[in-house]
Amino acid sequence: MGAIEDRIKSLGYMVPDAATPVANYVTTVHVKSAGLVFTSGHVPRNADGSFWAGKLGVDISVDEAYKAAQNCVLGILGSLKNELGDLDRVTRVVKVLCLVNSAPDFTDHPLVANGASDLLVEIFGDKGKHARSAVGLSSLPGNVCIEVEMVVEVS
Amino acid sequence: MGTPEDKIAQMGLELPPLQQPVANYVSAVQTGNLLFLSGAGPAVPRGDNMLTGKLGRDLSVDEGYEAARSVGLVQIARLKNELGELSRVGRIVKLLAMVNSTPDFTDHPTVINGCSDLLVEVFGDAGRHARSAVGMANLPFGIPVEIEIIVEVVD
């Protein structure tokens with residue numbers, strides 16, 4: 001097991017198996033000519049595998065959605081491990097897009113997205129510091145509360 | 001094995017005429033081997049009006065699927081214009097697929113399969129991509145679907 005996965009375990013988290021796409025797409029595309037991996041949007045799952053649903057500003061709190069954002073990142077790391085074999089090959093988290101299912105008057109998107117960002121920096125240190133956009137969507141597939149996609153640089 | 005152009009002809013499809021960007025941006029930018037396509041809406045048939053409507057209110061999922069397929073053809077037409085030959089598409093890397101939808105709409109993946117299915121039919125394995133599918137409160141001119149695409153290009 002690589003150093004990054006050791007670190008994830010020591011933080012009390014687990015990298016899940018690679019996500020299974022819900023439609024006609026793949027979870028990751030590795031563009032070797034550019035040294036970049038693009039991930040699909042990953043959605044948060046409850047322990048029983050069901051979608052972690054909710055709309056911010058309506059029926060789910062910022063604190064809970066923060067945890068859902070963490071859950072998305074762990075799902076992405078599962079897909080990246082499947083693509084790369086070893087998460088130690090991630091040399092930089094380049095860009096994160098956090099898509100928050102929210103009511104029209106919701107404004108705390110950054111606090112929700114921090115669930116993803118804080119965890120990435122905890123796990124990868126300086127390599128985990130990324131550019132990011134966090135935005136509100138009027139609806140998301142399966143009414144999940146958040147969807148997260150990433151671009152990472154790999155060796 | 002025929003070219004993607006052959007495949008499009010076999011499928012009885014025709015690439016729509018290019019449309020100019022509606023504001024101060026360009027349709028495509030290439031950096032290194034990556035080509036970034038601006039968001040596009042469905043093709044506008046000659047002498048007809050632009051397709052508009054919101055999923056969950058005005059349009060069925062099947063109609064949304066057809067709209068997403070039409071967006072795929074618009075983006076393939078842009079690729080043909082940029083690259084000359086569609087065989088220069090090394091990989092369709094990533095879609096960001098935005099569905100104009102009501103707050104309670106949840107079937108975004110089925111709608112966006114309209115574009116994903118087309119890309120896989122035309123480009124085969126090179127068409128298998130990562131993607132995020134999300135619901136927007138509104139889209140320019142009221143179009144039902146807007147999709148942006150990142151493509152890896154080969155010489």
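**View 1. Helix α2 of chain B lies across four strands of its sheet.** In this predicted model, helix α2 (residues 61–83) of chain B is in contact (heavy atoms within 4.5 Å) with β1, β2 (34–40), β3 and β5 (145–153) of chain B. The helix runs at about 135 degrees to β2(B); axes are lines fitted to C-alpha atoms, for helices over the stretch in contact, and angles run from 0 to 180 degrees between N-to-C directions. Helix α3 (residues 108–123) of chain B also packs on the sheet, where it touches β3, β4 and β5 of chain B and makes about 160 degrees with β3(B). Helices (H or I, at least four residues) and strands (E, at least two) are DSSP runs, numbered from the N terminus.

**View 2. Here is the sheet of chain B, open and five-stranded.** Its order is β1-β2-β5-β3-β4, with mixed pairing; two strands pair if DSSP finds at least two bridges between them. At the edges you will find β1 (28–31) and β4 (130–136) of chain B, each paired on one side only. Follow β3 (residues 89–100) of chain B and you will see seven bridges to β4(B), in the parallel sense. One place to look is B:Asn100, which stands opposite B:Met136 in β4(B).

**View 3. Chain A has an open sheet of five strands.** The strand order is β1-β2-β5-β3-β4, and the pairing is mixed. Because β1 and β4 (131–137) of chain A each have a single partner strand, one side of each is left without a neighbour in the sheet. Three bridges link the antiparallel strands β2(A) and β5(A), and A:Phe38 has A:Val151 in β5(A) as its bridge partner. Helix α2 (residues 62–84) of chain A lies across β1, β2, β3 and β5 of chain A, at about 40 degrees to β5(A).

**View 4. Chain A meets chain B.** Here 27 residues of chain A are in contact with 30 residues of chain B. The two chains bury about 2,100 Å² between them, 59% of it on carbon and sulfur atoms; buried area is the accessible area (1.4 Å probe) that two parts lose on being put together, summed over both. Look for the one salt bridge between the chains, formed by A:Glu149 and B:Lys94, with the closest N and O atoms 2.5 Å apart. The term means a side-chain nitrogen of Lys or Arg within 4 Å of a carboxyl oxygen of Asp or Glu.

**Notes.** Residues are numbered from 1 along each chain as its sequence is written, and chains are lettered from A and ligands numbered from 1 in the order in which they are written. Local features need pLDDT of at least 70, side-chain atom pairs count only at pLDDT 80 or more, and totals for chains, interfaces and linings use all residues, while side-chain values use heavy atoms, leaving out hydrogens and water.
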